[in-house]
Amino acid sequence: MNVWIRLIGGGILLFFMPLTIGGMADLFAERSGVLCMCVEGIMVAGAFAGVLMIRLFAETMNVWALLFLSMAVSMIIGLLVGLLHGFAAIHLKAEQNISSTAINTLTPALAMLISKSIFGTDNFTYSSNKFIIPKVPVLGDIPIIGPLLFQGTYATTYIGIILVLILWFILYKTRFGLQLRSTGENPQASDSVGISVYKMRYSAMMIAGAIGGLAGFTYILTTSYVFMGTVYGYGFLALSIVSLGQWKPSGIMLGALLFGAIGVLSSTYSVIPIIKDLPIPPVFYSMLPYIITLLVVAITPNAHNAPAVCGEPYDKSKR
Amino acid sequence: MLKKLLMSKRDYSGVLSSLIAIVIGLLVGFIAMIAVKPSSALAGLRMLVTGGFFNGLTTFGSVFFYATPIILCGMGDAFAFKASIFNIGGPGQMHIGALVAVYVTCRIGLGAPWSTIVGLLCGALAGALWALIPALLNAYKRVNIIITTIMMNYIGMYLAVDLLKKSSIFDSTKNQSINVPRDLRVARLGLDKIFVGSAIDCGFFVALIIAIILWFILEKTTFGYEIKAVGKNRDASDYAGIDARRTIVLSVLISGALIGLGGGFMYLGWAGKYLLGSNTQLSEGFTGIAVTMLANNNPIACVFSGFFLAYLTQSGSYMQAVGFAPEIVKVISSVVVYCSALSRLVSEYLRKRKLDYIAAEKKGDAIR
């Protein structure tokens, strides 16, 4: 029984964390009024930069220094990609769907290009086992919760939880967060009380880029051992979680939990006893996360909680 | 020069912003090459420009073949974009369309030209069907079509690969689809006599004819007018008596059909392309977005921009010789898309210049 709890619970956690962080990235961008369909592209960039560090310095660096370096690099690269979208969306008043799509195709291509020039192949492997914390002292001994949450979990998962709390605090409990949200609801009014709309939106895109990059890195680090220039559409899953969660962190976390369970089902169906024997073709499980996403966006009621001006370039003279 | 262009009756701002996008795209590609491998960056740039003639007309003829699917895909995207529907489901619609087209062509047994024609039409139908769910969701529930089409891309990829593996057109030893019999491939109409040894077939000319038909629909028919009206303002056109939902569904279905047809042409041709048994998306479906962006959503311009990007892709396949991955072309086309997102900026600037000129001229008149 304990084995099952660990497999399923731990698995859910693996998918839950990156989806929550990716959703928070989108939340920051959209709350400030920038439509960010490019979470996928940002996640690919961050994932690539992070695991590249791990691959390059795995032998020469201390484990935790390496983890710190990879996380920092993935956040910086993600931030730059976020700025690229921000520049088009905020300053140049571009069509935000189109610049997002450009970024979604640009970052995988760049990743493949660099990967081929370094390794000669368009994919490369890395090892992530050493970032697993075998057992957290004291907490790991609690029955059920212990094996579920505090044994054999990746260090990035705990960092992610702390990060989500910090992000929630920034967005809802600080002056900066209030100003940021106001630019997504009524930028003209925010401007009239002295808030710089451009500055707020750029900061939001920088934060979104940085944590989006981290989301990609934690996802690819913990669920795979080979990087193939993609995060398998999980950036778009994060987007759908944001609308499912009605643009609230608590909703996003619930949505991510649901999708975490689906992610586990789709990747471990062949070892779960009851499910293994069901007369369902295996390909169905590979499609499952995408089918569920489709269903979720289809049944989510029209978003009255969505930021009011999301996707509209800021026009000072508009009323 | 600029003044003359600006003051002419025709609007050149679209062409100009596309040219700017191409120049910036090539520049970024060059910078990327310098960053990856500075010593051969210049050779890489030269290869990019001349690679389409690497083996003379043989290579150049194949550009026509590679252009066909991305032109069709670009026109399909353009048709939906005209209605302001961002159908980026190209890879999925193309994959399903290609699978159905190859299967029907190989198995229906109607003999030389008809098997291929029916196969291609079935491919188009399959592509349209694959676009149906996102179309309905957007038309009736206003669900963001980017998310739905991307999800349909993944579902389509898994489904197409799974169906291929279970079908009789799968060669399990090579993990790919079987050879399409020579007499069932797309007709070449003697073009291979001119472009000896190339993969050229009549697909390019079919795409050209379709481009003219699409232009006619968009510019000269009520349906085309309705599409553009819905694209400008969905609610206003609904209010004016246009059935916006029907228009949206139809435009996305036509878009999917064109993309599916493109998939059919890609795998029923002479270039030795096979449907693979591994889970990879058809990236040509995304290249279609760059095609239509460069063409400002004009179907006839799509033929030129598609040919240009196919030329780059053909050059890209020789980039390995000078030490670069073919992905450099994808980088360039992504940058082109990014730049065309900024086209509003260019046309605004040009309009401003035009107004300046007009103002200056009026002033001159007054003095005289």
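Good morning. I begin with a single residue: B:Asn297 has 21 C-beta neighbours inside 10 Å, so it counts as buried. The structure it belongs to is a predicted model, and every value I mention should be heard with that in mind. B:Asn297 sits in the loop of chain B that connects α13 (284–294) with α14 (299–316). Its phi is positive, about 60°, although the residue is not a glycine. As background, most residues other than glycine have a negative phi.

A second loop residue in chain B makes a useful companion. B:Ser84 also is a residue other than glycine with a positive phi, near 60°. It lies in the loop between α4 (57–82) and α5 (90–107) of chain B. Is B:Ser84 buried or exposed, or does it fall in between? It has 17 other C-beta atoms within 10 Å and is therefore partly exposed.

Let me now turn to the two chains, beginning with chain A. Its secondary structure consists of 13 helices and four strands. The radius of gyration of chain A is 20 Å, close to the 20 Å that the globule rule gives for 319 residues, so this chain is as compact as a globular protein of that length. The C-alpha trace of chain A extends over about 60 × 45 × 45 Å along its principal axes. Of its 319 residues, 51% count as buried. When one takes the contacts in chain A between residues at least 6 apart in sequence, 78% of them join residues at least 24 apart.

Chain B has 16 helices and two strands. For 368 residues, a compact globule would have a radius of gyration near 21 Å, and the 22 Å of chain B agrees with this. The principal-axis spans of its C-alpha trace are about 80 × 60 × 40 Å. Buried residues account for 53% of the 368 residues in chain B. Among contacts in chain B with a separation of 6 or more, 78% are between residues 24 or more positions apart.

Next, the interface. How many residues of chain A are in contact with chain B? There are 34, and they meet 36 residues of chain B. On the side of chain A that touches chain B, α4 (96–119), α10 (234–244) and α13 (282–299) each supply at least two residues. The most comes from α4(A), with 14 residues. By residue class, this side of chain A divides into 21 nonpolar, ten polar and three charged residues.

Helix α4(A) merits a closer look. At 1.5 Å a residue, its 24 residues should span 34 Å, and its end C-alpha atoms are indeed 34 Å apart. The helix is mostly covered, with 20 of its 24 residues buried. Just after α4(A) comes A:Gly120, which takes a positive phi of about 80°.

From chain B, I would draw attention to B:Lys330, in helix α15 (residues 327–340). This lysine has 25 C-beta neighbours inside 10 Å and so counts as buried. Which residues does B:Lys330 touch, not counting those up to four places away in sequence? They are A:Thr105, A:Ala109 and B:Ser283. B:Lys330 and B:Thr313 are 17 residues apart along the chain, and their C-alpha atoms are separated by 8.3 Å.

I come now to the nonpolar core. The largest such core holds 218 residues, and those that touch the most other members are A:Ala25, A:Ala47, A:Ile211, B:Val102, B:Ile328, B:Val331 and B:Val336. The largest share of this core, 15 residues, comes from helix α9 (residues 197–223) of chain A. As for B:Ile328, leaving aside residues up to four places away in sequence, it touches A:Leu113, B:Gly29, B:Ala32, B:Met33, B:Gly316 and B:Met319.

I close with a residue at the other end of the burial scale. B:Glu361 belongs to helix α16 (residues 343–367) of chain B. With 12 other C-beta atoms within 10 Å, B:Glu361 is exposed. Between B:Glu361 and B:Cys122 there are 59 Å from C-alpha to C-alpha, for a separation of 239 residues in sequence. Thank you.

Conventions. Residues are numbered from 1 along each chain as its sequence is written. Chains are lettered from A and ligands numbered from 1 in the order in which they are written. This is a predicted model: local features need pLDDT of at least 70, side-chain atom pairs count only at pLDDT 80 or more; totals for chains, interfaces and linings use all residues. A nonpolar core is a set of buried Ala, Val, Leu, Ile, Met, Phe, Trp, Tyr and Cys residues joined through C-beta atoms within 7 Å. Two residues are in contact if their C-beta atoms, placed from the backbone, lie within 7 Å. The radius of gyration is taken over C-alpha atoms; the globule rule is 2.2 Å times the number of residues to the power 0.38. Ala, Val, Leu, Ile, Met, Phe, Trp, Tyr, Cys and Pro count as nonpolar, Asp, Glu, Lys and Arg as charged, and the others, Gly among them, as polar. The expected span of a helix is 1.5 Å times one less than its number of residues.
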